[in-house]
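Let us walk through this structure piece by piece. Keep the coordinates open as you read.

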There are 2 protein chains.
Amino acid sequence: MGEDDLIQRTFAPLAAGFPGAFGLRDDCAVLAPPAGHDLVVTTDAVAEGVHFFSDDAARDIAWKALAVNVSDLIAKGATPIAYLLSLSFPEEPARAWLDEFAAGLAEAQAAFGLSLAGGDTDCRPWPASATVAAFGSVLAGRMVRRAGARAGDRLFVSGTIGDSALGLKLRFDPGLAGALGLDATHVAPLLARYLRPRPPLALAPLLLEFASAAMDVSDGLLRDCGRLAGVSGVAAHIEGVRVPLSAAARAVVSADPGSFRTVLTGGDDYQVLAAIAPDRAEAFQAAARASGVDVTEIGALGGGTGLSVTALDGHPLAFEGGGWDHFPAPGAARPHDKPK
Amino acid sequence: MGEDDLIQRTFAPLAAGFPGAFGLRDDCAVLAPPAGHDLVVTTDAVAEGVHFFSDDAARDIAWKALAVNVSDLIAKGATPIAYLLSLSFPEEPARAWLDEFAAGLAEAQAAFGLSLAGGDTDCRPWPASATVAAFGSVLAGRMVRRAGARAGDRLFVSGTIGDSALGLKLRFDPGLAGALGLDATHVAPLLARYLRPRPPLALAPLLLEFASAAMDVSDGLLRDCGRLAGVSGVAAHIEGVRVPLSAAARAVVSADPGSFRTVLTGGDDYQVLAAIAPDRAEAFQAAARASGVDVTEIGALGGGTGLSVTALDGHPLAFEGGGWDHFPAPGAARPHDKPK
C-alpha cells in the first residue's frame, strides 16, 4: 500500500480532531499548552515478546501502548492532550490487523481524551514495537513530582495492585489456575488487566490539589515506592495487609501465599502511588471517592532512608531488587519471567 | 549496573542544562515554549541494520539519531529545544560503548542547541534502536508547512544532494570506488555524510521569513519534492543540471552517469527543500549567504499536478517510485539496497 497511503488510510483519521497534526501530511505537528500551562512530556515503548505477546489482539496492543504513557501523565497531575507514535514492523502488517490496531488507539484516545499528532513508521526485523511520546498539560510550575514527599506523609495507591503480574503468571503457566483451584471469574480479570491497563484519569486533578509527590506504579510497587522515597529523601513503610487486592488477586494469594511477592514486585500495575500530608489524607480520600476512584492508604513516609514492608502476617518482609529492571545488576534475579 | 544507575550515570549529564528534565529522576519532563510561541514536535527512529550499521561508531549513531529529528524541526523554521530518547538494546551495552554514545549525543546537542529531557530504556531482541521525539519552538501560528507552496514559487535546496546515498552505495560495494577510479578524497566525505548528517540550523529563521513551504529532504529529493508539490496542489519541475553536487558526488556521477538517479532518489540528505515566491528569491539567497548556508535554485512550481525532472543532458528523466519507502507498493523496486 506504500508508507504514505498507509498513514493516510489508517492513521490520519486518528488525528482528525487535532488541528496541529495537519492531517499527518506534514513533517511535524504543532502543540501549544493552554495559556498559563506547561506541557508535560513522557515516552514509553512496548515491544512484541517483552511488553506484549505475538498473539495478543491488535486492539489490546494499541491500547496498552497508549495507556502506559497516559499513566505517567496522570500521575503527574497532567491532562492528556496528544501523542506521537513511532511504529516498527518486520513487514507491512495486514490491513485487517492495522484496522484493529487503529481501533484500539481510537478506544484509548476516547477513554483518555487525547489525539494522535504525528509519528513515524519503519520496517525492521522482529520484534514489532510501538514507541509513544505523550503530551499533557498542567498549570505552570505545578507538575506533581516524585521528589516532594515529606516525612509524615501517608502513602496511597489507586485501584488494586498485582492483578497484571498475576495475570502474566497465569498466562505463562496454563496449568497454574487449575492447580490453585481458580475458576474463570478469577482468571479472566487478571488476564484482562495485563492486556488493558486502566490508569485512573479522574485522579489527575486531585493529585494536583492534594499530593506532595506522586508517580505511576509500573515497575512493581516496592521498586517504585523505593524510588519515590529515595528521590524525596525519606524512608517509606508499606503495610502489606493494607495493599488493595482485587477479589481475583485475593483468591490467588489465598491459594498460594508466596504469590504475594509477585503482587508487590510484579509491575505493570499502571496505578498511582501518592504521598499525601496527614492533615489532607481524609479530604483526599473523600475527593477521590466523589470522583469514582478507589484510593487506599498503604503506609507512610518517615525520617531516614530505605523501604520496609510487612507481610500479610504483619512480620517484616525481606526482599531483594523489588521490581522490574530491564538491565538488572549481575546475579540479581528477574522478578518474574517476562516473555522472551 | 541496573536501569536507574545506567540512566543517572550515562544520560543525566545530558539533561543537566534543562531544568524541566528534573535530572531524569522523574517520570515526565516539563516543557513550555517561550511566550507567544508554539511547540513543534516530531519523531523519528533509527534502527541497527536499517538506518545504521552494527559496526558504526556509537558516537555517529547517536549523532544521526538526533540530527535526523533536528532536520525536521529546522525545515519547519523551528528552533530546537529538547528531546526524549527511547532506547532498546538486546543486552546491556558495554560502558565504553554507552560513554561514546553519550558523547555523540553531547556533540549533537551542542551543535543544534537542544537538551535531553527524558526517555525510556528497554531490553529487547536485536536490532538495537533509538527513537527520538524532538521539540522546537516557533512563533505562534508560523510553522512553515509543506502545504502553502504556490505556482510560480522557485524551488531551493540547501547544501548538496546525494552524498549520503552515494556514500551508502560505496559502503555496500567496497570494490566500487576502485572501479570508478575514485580516491580517498572523494570516498571519505561521502561516507561521512551518511554517518553524520548536518541539517542547516542557520536556515530555520530564514525559512520563517521567506518560505511559502518547506520540508527536509530525507526520503529522496524526488519523492519529497513530489510530496511538497502534491500537498500544496501544484506541479513541480526540477532541472537536474542545477541540483547541487559536492565535488565528491560530481566525481562519482562523472565516472558513472547512471548514479545520478541515486543522487535524486537515494535519501538521507537531511537538507532543506523550500518554495520561495519569485520576488523574494534573490533576498532569500542573499540572507542564506550571509548566514553561511548554501542554497541553490533547482526548479520551480507551476499550475497542475505532478513532478517532472530533466536529466543532466536536459532531456526529461523517467522515474518510478522516486524515493525511500519503508513499505513500497508490491512490485516496486527499492531505490537502493538499504542494509537488511
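Start at Leu317(B). Leu317(B) touches Gly240(B), Val309(B), Thr310(B) and Ala311(B), leaving aside residues up to four places away in sequence. Touching, or contact, means that the C-beta atoms of two residues, placed from the backbone, lie within 7 Å. One of these partners is remote in sequence: Gly240(B) is 77 residues from Leu317(B) along the chain, and their C-alpha atoms are separated by 8.7 Å. Leu317(B) sits in the segment after strand S11 (307-310) of chain B. Helices (H or I, at least four residues) and strands (E, at least two) are DSSP runs, numbered from the N terminus. Leu317(B) counts as partly exposed because it has 17 C-beta neighbours inside 10 Å. The scale is simple: a residue is buried if 20 or more other C-beta atoms lie within 10 Å of its own, exposed if 12 or fewer, and partly exposed in between, with C-beta atoms placed from the backbone.

A word on provenance. This is a predicted model, in which local features need pLDDT of at least 70 and side-chain atom pairs count only at pLDDT 80 or more, while totals for chains, interfaces and linings use all residues. Residues are numbered from 1 along each chain as its sequence is written, and chains are lettered from A and ligands numbered from 1 in the order in which they are written.

Buried or exposed: which is Ala96(B)? Ala96(B) has 9 C-beta neighbours inside 10 Å, so it counts as exposed. It belongs to helix H3 (residues 95-112) of chain B. The C-alpha atoms of Ala96(B) and Ala58(B) are 9.4 Å apart, with their positions 38 residues apart along the chain.

Now take chain A as a whole. Its secondary structure comes to eleven helices and eleven strands. Its C-alpha atoms fill a box of roughly 60 × 55 × 40 Å along the principal axes. The radius of gyration of chain A, 20 Å, agrees with the value near 20 Å for a compact globule of 340 residues. That radius is taken over C-alpha atoms, and the globule rule is 2.2 Å times the number of residues to the power 0.38. Buried residues make up 56% of the 340 residues in chain A. Of its contacts with a separation of 6 or more, 86% are between residues 24 or more positions apart.

Strand S6 (residues 154-158) of chain A is mostly covered, with five of its five residues buried. In a regular strand the side chains alternate between the two faces of the sheet. Here Arg154(A), Phe156(A) and Ser158(A) point one way from S6(A), and Leu155(A) and Val157(A) point the other way. S6(A) has two antiparallel partners in what follows. Four bridges join S6(A) to strand S9 (residues 271-276) of chain A, where Leu155(A) stands opposite Ala275(A). Five bridges join S6(A) to strand S10 (residues 295-302) of chain A, where Val157(A) stands opposite Thr296(A). Two strands pair if DSSP finds at least two bridges between them.

Helix H9 (residues 247-255) of chain A has buried residues too: Ala248(A), Ala249(A), Ala251(A), Val252(A) and Val253(A). They pack against helix H4 (163-172), helix H6 (184-195) and helix H10 (260-265) of chain A.

How do the two chains relate? A rotation of 180° with 0.0 Å of shift along its axis superposes chain B on chain A, at RMSD 0.0 Å. That is the relation of a two-fold axis. The superposition is by least squares on the C-alpha atoms of residues with pLDDT of at least 70 in both copies. Of the residues of chain B, Ala133(B) comes closest to the axis, with its C-alpha at 3.4 Å.

Next, the interface. 59 residues of chain B are in contact with 59 residues of chain A. S2(B) gives the most to the side of chain B that touches chain A, with nine residues. The copies meet through the same surface, because 100% of the interface residues of chain B are also interface residues in chain A. Strands pair across the interface as well: three bridges join strand S2 (residues 37-47) of chain A to S1(B), and the two run antiparallel. In S1(B), Val30(B) is the bridge partner of Val40(A).
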